[in-house]
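Subject: Structure handover

Hello,

Here is the structure for you to load. My notes on what was found follow below it.

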Amino acid sequence: LDFQLPKLWHYFAVDNIAVDELKVVSFNIGGGGTPKELKLLVKYIKPDILLLQEASRINLIKLFPDDYVSECIAGLCILSKYPFTRTQTLGRKLFGGWGQFAIFYSITTPNGQLSLANIHLETPRSVLMGVVHRYFDQILAEKIEDNRQFEVDLINLWVNKQKNIVIAGDFNMPGDENLFRQSFSDLNSAVEVKGFGYNDTKHTNWFGVRIDHILYSPDMYLVDVEVVKLLNGDHRPLMAILKMSKPK
């Protein structure tokens, strides 16, 4: 049933370094997320960094002219209180598709540089719908699975070169999927570390599932995590409050 209890080791971890909090929110707005809802989300949650997926029709500069800097590329958007530099983008053109699936940033925070990735991975929806309607396309299923593996492999090449890492977005896979566990085992998943209860981030007519995640590297510390349930749409925003060590 995917009912969660916080991991006990989190509460016994020693936090003996000077740190400040960093509030990160990720939200796929493809099935909702109107400009009015986004303004309410920013007003009441007050994120330091907001990452959006499927946001091709949102003008962040117009919505948030003050206190934030922003950028949108192929529906992947960032809204940040702190200055950032885009360091790399990855697109599906690499394997015959279209659109971007990952954008990487270096963000200058008061505690040093944060390495951040906003991602929207390949969806297996077409294969699942084929199963539902009793038509399974083996060739399509294998192609999509190969694409998903390629995407996470490329993201991991970036992870291996960074520190103070946050990867957030729509992974299109639950945390117990083999590909997720094998590919991101070196990172902590915020909801799995400190989530309590049911934390579905995607809702359909049939079921709810958690396919949106915020991952962070072991050199960071998780303060809190929450699935925000106040907005409409098929996805719910995911918020994590993290700490990173101050520069010496």
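**The E122 contact and its loop**

The side chain of E122 makes a polar contact with the side chain of R92, at 3.3 Å. Bear in mind that this is a predicted model.

E122 sits in the loop between β7 and α4. Is E122 buried or exposed? Its relative accessibility is 16%, below the 20% cut-off, so E122 counts as buried. Setting aside neighbours within four places in sequence, E122 is in contact with R92, F95, I144, N147, R148, E151 and N172.

T123 belongs to that loop too, which runs between β7 (112-120) and α4 (125-132). T123 is partly exposed, with a relative accessible area of 24%. Beyond its neighbours within four places in sequence, T123 is in contact with I144 and N172. I144 and N172 are also among the contacts of E122. F171 is 48 residues away from T123 along the chain, yet their C-alpha atoms are separated by 8.2 Å.

**The chain as a whole**

The protein chain has 248 residues, and buried residues make up 51% of them. There are seven helices and 14 strands. Take the contacts with a separation of 6 or more: residues 24 or more positions apart account for 66% of them.

**The six-stranded sheet**

Six strands form an open sheet with mixed pairing. The order is β5-β6-β7-β8-β12-β9. Which strands stand at the edges? They are β5 (84-91) and β9 (188-189). Each has a single partner strand, so one side of each is left without a neighbour in the sheet.

Start at the β5 edge. β5 and β6 (residues 100-109) run antiparallel and are joined by seven bridges. Within that pair, T89 stands opposite I103 of β6.

Next, β7. I119 is found in this strand. Its relative accessibility is 0%, so I119 counts as buried. Not counting neighbours within four places in sequence, I119 is in contact with Q53, L76, F101, A102, I155, I167, A168, G169, D170 and F171. L52 is 67 residues from I119 in sequence, and the two are 9.1 Å apart in space, C-alpha to C-alpha.

Now β8 and β12. Strand β8 (residues 165-170) runs antiparallel to β12, and five bridges join them. A168 stands opposite I214 of β12. A168 is also one of the contacts of I119.

How many residues of β12 (residues 212-216) are buried? Five of the five are, so the strand is largely enclosed by the rest of the structure. D212, I214 and Y216 point one way from β12. H213 and L215 point the other way. In a regular strand the side chains alternate between the two faces of the sheet.

Finally, the β9 edge. β9 and β12 run antiparallel, joined by two bridges. N188 has Y216 of β12 as its bridge partner. S189 is found in β9 as well. At 7% relative accessibility, S189 counts as buried, although β9 stands at an edge of the sheet. Leaving out residues up to four places away in sequence, S189 touches H213, I214, L215 and Y216.

**The β3-β4 hairpin**

Strands β3 (residues 69-73) and β4 (residues 76-80) pair in the antiparallel sense over five bridges. V69 has S80 of β4 as its bridge partner. The two strands form a hairpin with two residues between them. In the turn, A74 has a positive phi of about 50°.

**The largest pocket**

About 720 Å³ of space lies in the largest pocket. Which of its 31 lining residues are the closest to the centre? They are E54, A74, R92, W98 and H120. Two of these names appear above. A74 is in the turn of the hairpin. R92 is the polar contact partner of E122.

By class, the lining has nine nonpolar, 15 polar and seven charged residues.

Best wishes

Technical notes:
Residues numbered from 1 in each chain as written. Predicted model: local features only at pLDDT ≥ 70, side-chain atom pairs only at ≥ 80, totals over all residues. Heavy atoms only, no water. Helix = DSSP H or I, 4+ residues; strand = E, 2+ residues; numbered from the N terminus. Buried < 20%, exposed > 50% of the residue type's maximum accessible area, 1.4 Å probe, protein only. Contact = heavy atoms within 4.5 Å. Polar contact = N/O pair within 3.5 Å; in protein donor to acceptor, adjacent residues only side chain to side chain. Pairing = 2+ DSSP bridges. 1 Å grid on protein atoms, 1.4 Å probe; cavity = no way out; pocket = protein on both sides within 12 Å on 5 of 7 lines; lining within 4 Å. Points joined across faces, edges and corners; volume = space filled by probe spheres on them. Nonpolar A, V, L, I, M, F, W, Y, C, P; charged D, E, K, R; others polar.
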